[in-house]
Amino acid sequence: MQREQHLTNAALLARRQAAVVRGVGHAHTIFAERAVNAEVWDVEGRRYIDFAGGIAVLNTGHCHPKVIAAVKAQMDRFTHTCFQVLAYEPYVELAERLNALAPGAWPKKTLFLTTGAEAVENAVKIARSYTGRPGVIAFGGGYHGRTNMTLALTGKVAPYKLGFGPFPSDVFHATYPMPSRGISVDDAIASIEAIFRNDIEPGRVAAIIAEPVQGEGGFHVAPPEFFPRLRQLCDAHGILLIADEVQTGAGRTGTWFASEQLGAAPDLITLAKSMAGGFPISAVTGRAEVMDAPAAGGLGGTYAGSPLGCAAALAVLEVFEEEQLLARARHLGEKMMSSLRILARRHKSIAEVRGLGAMVAIEFGRDGDLSQPDADLAKKVVAAAAERGLILLTCGTWGNVVRILVPLTASDATIDEGLAILASALGHVGAA
């Protein structure tokens, strides 16, 4: 099929609306034509700075030469065998690398899959197999995927859960600590203990799953004492602790796993998004004895741990080492937080600036009040920024948070340009 010449965003949007289901939303009415590092050009030739990174997928930027070369080299050898049929060395090497990187003073093993939701779903399967228990505790505001099981774990109804129930049973939601909203770690632990009293006894709980930084929930960073308290609680009742690092992992927060900064190693870690620079692959890494609980044949998938994804992920690890991207993530985080705090002093409507490493966000509230979330303003800022050449995304329980997930490979000049556009967008919409 020959491509239509002189494509426009409007024409493609009309075709999209006629051919693609309504349920697949889109943040911007922009159609990408090409991309390099932290820059994207649309079909009309307009350039944008990408502060969304494909929703935290492009820590090494668009089309990193080393990642592309690794995938092309693998394509010349073979593209698919299904690891369960004919195994291949890159799968094993990548597992070895992740096992060595994951926190915890115990032997580890890794399973590869295709999507973040698959990783979370399989982590739950593994936890249930190891413990022989059905229950799982997640947190309000958490996001874990769009499959039926991961929707049950997700603590946000609209738009993810609307009209899709019923969901699997034996899933319960505790309160995530948010000090700026007056929700302490003590409150969060008390909410779990209330679940033990009111809903399910701890002896029937297989796992507690939590994000080190809530992604879709609004970039709320776990307080330093939260995961140690969870670890203590889990150990007291024989419950496994799962860290969902689909968004925080692959170096976004300044360590390969955000779990390295939690003060307590989880039993299982889920990983996806940026681990392969835009190529589909996900992982569950954890304690070897736990990971080995399912019987042979109980885990896997046709495309799980594809050779192309494994090759890309190994290249991403090399890029992180060669370009010192963990240190870069910490530098960018400090740089962006500093600039965003200056904006917050100028605009009272920015109620809070928060983040960990290069995973940062601003939250809007009327007159700076977190109890009065201003989703409309956040939406206007994102739209105004796009008009000026900057791609941003909203998130949060109320949709009033603007998040930044710029590639770690972006230059300081590109970051400064993007932040200047954000400042211009705030001025344009009349943010107080």
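**Exercise 1. In which hand, left or right, does helix 3 pass helix 10 in their crossing?** Work out how these two helices sit together in this predicted model.

*Solution.*

Step 1. Start with the handedness: helix 3 passes helix 10 in a right-handed crossing.

Step 2. Now look at the axes. Helix 3 covers residues 65–77, and it packs against helix 10 at an angle of about 150°, with the axes 8 Å apart.

Step 3. Give the arrangement a name. Angles over 145 degrees count as roughly antiparallel, so helix 3 is roughly antiparallel to helix 10.

Step 4. Find the residues that touch. Helix 3 brings Lys-66, Val-67, Ala-70, Val-71, Gln-74 and Met-75 to the contact. From helix 10, the partners include Pro-307, Leu-308, Ala-311, Ala-312 and Ala-315.

Step 5. Sort the residues of this contact by character: 11 are nonpolar, one is polar and three are charged.

**Exercise 2. Describe how helix 4 and helix 10 cross, and list what meets at the contact.**

*Solution.*

Step 1. Locate the helices: helix 4 spans residues 89–101 and helix 10 spans residues 307–322.

Step 2. Read off the geometry. Their axes come within 9 Å and cross at roughly 40°.

Step 3. Classify the angle. Roughly parallel would need an angle under 35 degrees, so helix 4 is oblique to helix 10.

Step 4. Add the handedness, which is left-handed for this pair.

Step 5. Turn to the side of helix 4, where Pro-90, Tyr-91, Glu-93, Leu-94, Arg-97 and Leu-101 take part. They meet Cys-310, Ala-313, Leu-314, Leu-317 and Glu-321 of helix 10.

Step 6. Sort them as before: the contact has eight nonpolar residues, no polar ones and three charged ones.

**Exercise 3. Which residues line the largest cavity, and which element gives the most to its lining?**

*Solution.*

Step 1. Count first: the structure holds one cavity of 30 Å³ or more.

Step 2. Note the space inside the largest cavity, which is about 40 Å³.

Step 3. Walk along the lining in sequence order. You pass Ala-102, Pro-103, Trp-106 and Lys-108, then Pro-266, Asp-267, Leu-268 and Ile-269, and finally Thr-285, Gly-286 and Arg-287.

Step 4. Match the lining to elements. Strand 9 (268–271) and strand 10 (282–287) are the ones that give two or more residues. Strand 10 gives the most, with three residues.

Step 5. Finish with the character of the lining: six residues are nonpolar, two are polar and three are charged.

Notes. Residues are numbered from 1 along each chain as its sequence is written. This is a predicted model: local features need pLDDT of at least 70, side-chain atom pairs count only at pLDDT 80 or more; totals for chains, interfaces and linings use all residues. Side-chain values use heavy atoms; hydrogens and water are left out. On a 1 Å grid over the protein atoms alone, a cavity is a set of points where a 1.4 Å probe fits but cannot get out, and a pocket is an open set with protein on both sides within 12 Å along at least five of seven lines; lining residues have an atom within 4 Å of a point. Grid points are joined across faces, edges and corners, and a volume is the space filled by probe spheres set on the points. Helices (H or I, at least four residues) and strands (E, at least two) are DSSP runs, numbered from the N terminus. Ala, Val, Leu, Ile, Met, Phe, Trp, Tyr, Cys and Pro count as nonpolar, Asp, Glu, Lys and Arg as charged, and the others, Gly among them, as polar. Axes are lines fitted to C-alpha atoms, for helices over the stretch in contact, and angles run from 0 to 180 degrees between N-to-C directions. Angles under 35 degrees count as roughly parallel, over 145 as roughly antiparallel, 65 to 115 as roughly perpendicular and the rest as oblique. A crossing is left-handed if the near helix is turned anticlockwise from the far one by less than a right angle, and right-handed if clockwise. Contact means heavy atoms within 4.5 Å.
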